[in-house]
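Subject: Structure handover

Hi,

Here is the structure I promised to pass on. Please open it first, then read the notes below.

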Amino acid sequence: MPRRIIGLTQKIEYLASRSKLIYWAASLYYRNVIQGEIDLANITRDDHILCIGGGICPFSAILFHQITGAKVTVIDNCEDCIEEAQQVIARLGLSEYVHAVWQDGGNREFSFSDFSVVHFALQVFPMEGIVSNVKKQILPGTKLLVRRPKKCLSIMYSQLSGSSLACCRYITHQKACNIGSTLLYIKQERAHEKKLAIPSGAVAARSVDSAVSFPCPVAV
Ligand SMILES: C[S@@+](CC[C@H](N)C(=O)[O-])C[C@H]1O[C@@H](n2cnc3c(N)ncnc32)[C@H](O)[C@@H]1O
């Protein structure tokens, strides 16, 4: 099922890469989601963001840069998608700030420690293994933003167990059709990871005390 949803999204993104109107409409869909994620993780222009799973139209990567000014690297394990993505980025005049690279998010040799924020697209597969590998590789203080589907659509996406990102803060996306929430995990200095201490009120995000409290159950 996850592979089928990736194929469908890629078709929509192919159309968006060829039509300014479709690109604009799809980009509008992502804008609220991205703004919420930026506020949740307090992303600034000094961050270097890695987006895992950019597709043909890396809307998220582009909007992260356009809204914050941060440098963004976006990877995808589909070579054709990356070639298309590079053209979309070039057409927008953003090649200096947004780099699209052919790479699998599960590659253990990839230098995840170069980034201060790692963002996971909803369709990343297999989510559990990649999140677990990235958590090991990143430096303390690095933030992970992990999108999760709406509960009714969870069967269509790669699963993530509750224990992988327990005690995370999260934001819910009421207006998005398939993205239910984004979880924020910050790697702590010590091996024992404490609950996050993000000032409350800064964003419309709530903290949860255990995995079972996630807005969309992450273990099915
Ligand atoms: C269709 S995109 C959606 C992202 C959307 N364009 C955005 O800007 O947020 C999802 C992409 O994730 C990619 N993907 C899935 N699993 C991946 C992995 N393990 N490593 C890298 N890319 C992956 C798929 O190839 C697909 O192109």
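How many bridges join strand β5 to β7, and in which sense do the two run? Seven bridges join strand β5 (residues 143-149) to β7, and the two run antiparallel. Strands pair here if DSSP finds at least two bridges between them.

Two notes before the rest. This is a predicted model: local features need pLDDT of at least 70, side-chain atom pairs count only at pLDDT 80 or more, and totals for chains, interfaces and linings use all residues. Residues are numbered from 1 along each chain as its sequence is written.

**Confidence**

The average pLDDT of the protein is 85 (pLDDT is the predictor's confidence in each residue, from 0 to 100). A score of at least 70 is reached by 83% of the residues. Residues 194-220 have a pLDDT below 50. Beyond near neighbours in sequence, that stretch has 51 contacts in the model. Two residues are in contact if their C-beta atoms, placed from the backbone, lie within 7 Å.

**Overall layout**

The protein has five helices and eight strands. Helices (H or I, at least four residues) and strands (E, at least two) are DSSP runs, numbered from the N terminus. Along the sequence the pattern reads α-α-β-α-β-α-β-β-α-β-β-β-β. Take the contacts between residues at least 6 apart in sequence: 74% of them join residues at least 24 apart.

Of the 220 residues, 40% count as buried. Buried means that 20 or more other C-beta atoms lie within 10 Å of the residue's own; exposed means 12 or fewer, and partly exposed is in between, with C-beta atoms placed from the backbone.

**Strand β7 and its partners**

β7 is mostly covered, with seven of its eight residues buried. On the β5 side, L145 stands opposite L184 in β7. β7 (residues 179-186) also pairs with β6 (residues 169-172), in the antiparallel sense and over four bridges. There, I171 has T182 as its bridge partner, and T172 stands opposite S181. β6 and β7 form a hairpin, with six residues between them.

K187 lies in the loop between β7 and β8 (205-207). Is K187 buried or exposed? Neither: K187 is partly exposed, because 17 other C-beta atoms lie within 10 Å. Its C-alpha atom is 5.2 Å from that of G141, although the two are 46 residues apart along the chain. Leaving aside neighbours within four places in sequence, K187 is in contact with K135, I138, L139, P140, G141 and T142.

**The core**

The largest nonpolar core has 55 residues. Such a core is a set of buried Ala, Val, Leu, Ile, Met, Phe, Trp, Tyr and Cys residues joined through C-beta atoms within 7 Å. Which members touch the most others? They are I49, I52 and V118. Helix α2 (residues 20-41) gives the largest share of this core, six residues. Not counting residues up to four places away in sequence, I52 touches I75, G105, V118, H119, F120, A121, V124 and I130.

**Around the ligand**

There are 25 residues around the ligand. A residue counts as near if its C-beta atom, placed from the backbone, lies within 6 Å of the molecule. T9, G53, G55, S60 and G105 come nearest. The elements giving two or more residues to this shell are α1 (2-18), α3 (59-68) and β2 (71-76). α1 gives the most, with four residues. The shell divides into twelve nonpolar, ten polar and three charged residues. For that count, Ala, Val, Leu, Ile, Met, Phe, Trp, Tyr, Cys and Pro are nonpolar, Asp, Glu, Lys and Arg are charged, and the others, Gly among them, are polar.

**Backbone details**

A cis peptide bond joins F125 and P126, with omega about -5 degrees. P126 is in the loop between β4 (117-120) and α5. N42 is not a glycine, yet has a positive phi of about 50 degrees. N42 is in the loop between α2 and β1 (48-52).

Last, Q137 lies in helix α5 (residues 127-137). Q137 counts as partly exposed, because it has 16 C-beta neighbours inside 10 Å. Q137 is in contact with F112 and S113, leaving aside neighbours within four places in sequence.

Best wishes
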